[in-house]
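Work through the exercises below with the model open. Try each task before you read its solution.

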Amino acid sequence: MSKIENNSEVTLHFTIKLKDGSVADSTHTSGKAAKFTMGDGSLSENFEKCLLGLESEQSKSIELNAVDAFGLPNPDNIHHMDRNRFVGDAVAEIGTIMAFSGPDGMDIPGIITEIAGDSVTVDFNHPLAGQDVIFDVEIVAVG
C-alpha cells in the first residue's frame, strides 16, 4: 500500500467540524471525494504534516488551530461598498453571501456583515477564518 508522502496525489473524504461538534462542511454531502497533490499549496504545511504516512482506507481526526486551517481574519479582506451597487436581485441584507468578481475575473464569495446608511460592509475572509477546526479525514486513494 502506498503511504502519503511529499508530492503524493491524495483522494480523501473530509468532514470539517467546529470545536462545538457542529459540521461546517463535508465531502460526504456531495458524495465526491476531494483530490489534491501534497505540496501544491492547497493545504497548510501543518495539515499536510498530519497526513504524511497515512494509507488508503485509513481515517484520522486532525485538530487544527485557525492559523493552520483557514488562517486568521485579515482586515484587508473587509471592504466598504456603496449601497447603490446592490440592485435588482442583489439586495443587501446582513448575513447574505454574495459572489463578487475578483481582479482575475473569478468569483469571490463575500458575506455582508454590516449596513450603515449607504455603506455596505462585505467580509471576503473565509467563513471559517479565525476558527479552530477538526478535520475528520478518510483516505480513499494515494497515488
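A polar contact is a pair of N or O atoms within 3.5 Å; within protein, one must be able to donate a hydrogen and the other to accept it. Keep in mind that this model is predicted.

**Exercise 1. Find what surrounds D123.**

Start with the strand: D123 sits in β8, residues 119-123. Next, look for a polar partner. A polar atom of the D123 side chain lies 2.8 Å from the backbone nitrogen of N125. Then look for an opposite charge. D123 is buried but has no salt bridge. R85, the nearest side chain of opposite charge, is 15 Å away. Last, list the contacts, leaving aside neighbours within four places in sequence. They are N77, I78, P109, G110, I111 and T113.

**Exercise 2. Work out the strand order of the sheet that holds β8, and find its edges.**

Take the pairings one by one. β7 and β8 are antiparallel partners, joined by five bridges. In this pair, A116 stands opposite S119 of β8. β7 (residues 107-116) also runs antiparallel to β6, again over five bridges. Here A99 has P109 of β7 as its bridge partner. Put together, the open sheet reads β5-β8-β7-β6, with antiparallel pairing. β5 (78-82) and β6 each have a single partner strand, so they stand at the edges with one side lacking a neighbour in the sheet. On average, neighbouring strands here are turned by 45° against each other, direction ignored.

**Exercise 3. Sort the residues of β6 by face, then inspect its hairpin.**

Recall the rule: in a regular strand, side chains alternate between the two faces of the sheet. In β6 (residues 97-101), M98 and F100 make up the covered face. I97, A99 and S101 make up the uncovered one. Now follow the chain into β7. Five residues lie between the strands of this hairpin, and G105 takes a positive phi near 90°.

**Exercise 4. Locate the salt bridges and say which parts each one joins.**

A search of the whole structure gives three.

- K17 and D136 meet at 2.9 Å, N to O. K17 is in β1 and D136 in β9, 119 residues apart. K17 is partly exposed, at 27% relative accessibility. D136 is partly exposed too, at 22%.
- K19 and E63 meet at 2.7 Å, N to O. K19 lies in the loop between β1 and β2 and E63 in β4, so the pair ties together parts 44 residues apart in sequence.
- K49 and E45 meet at 3.9 Å, N to O. Both belong to helix α1, four residues apart, about one helical turn.

How values were computed:
Residues numbered from 1 in each chain as written. Predicted model: local features only at pLDDT ≥ 70, side-chain atom pairs only at ≥ 80, totals over all residues. Heavy atoms only, no water. Buried < 20%, exposed > 50% of the residue type's maximum accessible area, 1.4 Å probe, protein only. Helix = DSSP H or I, 4+ residues; strand = E, 2+ residues; numbered from the N terminus. Pairing = 2+ DSSP bridges. Lys, Arg positive; Asp, Glu negative; His and termini not counted. Salt bridge = Lys/Arg side-chain N within 4 Å of Asp/Glu carboxyl O. Contact = heavy atoms within 4.5 Å. Axes fitted to C-alpha atoms, helices over the stretch in contact; angles between N-to-C directions.
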